[in-house]
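Student: Could you walk me through this one and show me how each label is earned?

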Amino acid sequence: MAAKTRPDGSAALSQYRDQHYKGSRTEQERALLKSTTLYVGNLSFYTSEEQIHELFSRAGDVKRIVMGLDKVKKTPCGFCFMEYYTRADAENAMRYINGTRLDDRIVRTDWDAGFKEGRQFGRGKSGGQVRDEYRTDFDEGRGGYGKLVQTKIRRRDP
């Protein structure tokens, strides 16, 4: 799954936009086009920062990794922000790492307008990611069943 490219050969922006971005859509687009930060999703809850660094440093020099955390438990919840020193290195990650496997999961990358403190916490009602609350399948790498299914199972247990 290669990243789409623009006519100048750079990695194109996806259709996704962070709904919590503080600023106009135009400002967000401008920030995304200059960004050196990626959102990395579909990670296992058990993937370590060291494993992520090992994979993503193959694309270029990593400035920092900010692990996504469950806002209640403060444990990893399946995403991170990857900041590179240069746009070119971030583009290499989009081009060559997006769609590869890490901990037996297909990694998804997307441009991010830049990390701001507080964004590392999941936005779901139960503390983690919203998608993990509504997931109905069993996914061992993401903690088993989704939160709503787990709640139903617990209600049935004596």
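Tutor: Sure, let's go through the labels one by one.

Tutor: This is a predicted model, where local features need pLDDT of at least 70, side-chain atom pairs count only at pLDDT 80 or more, and totals for chains, interfaces and linings use all residues. Residues are numbered from 1 along each chain as its sequence is written, and side-chain values use heavy atoms, with hydrogens and water left out.

Student: Why is the contact between lysine 63 and glutamate 83 called a salt bridge?

Tutor: The term asks for a side-chain nitrogen of Lys or Arg within 4 Å of a carboxyl oxygen of Asp or Glu. The closest N and O atoms of lysine 63 and glutamate 83 are 3.6 Å apart, so the pair qualifies. This pair links distant parts of the chain, with lysine 63 in strand 2 (residues 62-69) and glutamate 83 in strand 3 (residues 76-84), 20 residues apart. Helices (H or I, at least four residues) and strands (E, at least two) are DSSP runs, numbered from the N terminus.

Student: What makes glutamate 83 buried?

Tutor: Buried means under 20% relative accessible area, exposed means over 50%, and partly exposed is in between (1.4 Å probe, protein chains only). Glutamate 83 has 13% relative accessibility, so it counts as buried. Lysine 63 has 46%, so that residue is partly exposed.

Student: Which residues are linked with these two in a network?

Tutor: Lys63, Arg64 and Glu83 are linked in a network of salt bridges. A search of the whole structure finds seven salt bridges.

Student: How do you know that arginine 95 and glutamate 91 form one too?

Tutor: Their N to O distance is 3.6 Å, so the pair passes the salt-bridge cut-off. Both residues lie in helix 3 (residues 87-96), four residues apart, about one turn of the helix. Arginine 95 is partly exposed because its relative accessibility is 23%, while glutamate 91 is buried because its value is 11%.

Student: What makes aspartate 104 and arginine 101 exposed?

Tutor: Aspartate 104 has a relative accessible area of 67%, so it is exposed. Arginine 101 has 54% relative accessibility, so this residue counts as exposed as well. Their side chains meet in a salt bridge at 3.7 Å, N to O.

Student: How many disulfides turn up, and how do you know?

Tutor: Zero, from a search of the whole structure. The test is a pair of cysteine sulfur atoms within 2.5 Å. Cysteine 77 is buried, because its relative accessible area is 2%, and cysteine 80 is buried because its value is 0%.

Student: Why are strand 1 and strand 6 called paired?

Tutor: Two strands pair if DSSP finds at least two bridges between them. Strand 1 (residues 37-41) and strand 6 have five bridges, in the antiparallel sense, so they pair. Glycine 41 stands opposite arginine 108 in strand 6. Four bridges join strand 1 to strand 3, also antiparallel, so these strands pair too. There, leucine 38 has methionine 82 in strand 3 as its bridge partner.

Student: What makes strand 2 and strand 6 edge strands?

Tutor: They belong to an open sheet of four strands in the order 2-3-1-6, with antiparallel pairing. Strand 2 and strand 6 are the edge strands, as each pairs on one side only.

Student: Why is strand 6 described as mostly covered?

Tutor: Strand 6 (residues 108-112) has five residues, and four of them are buried.
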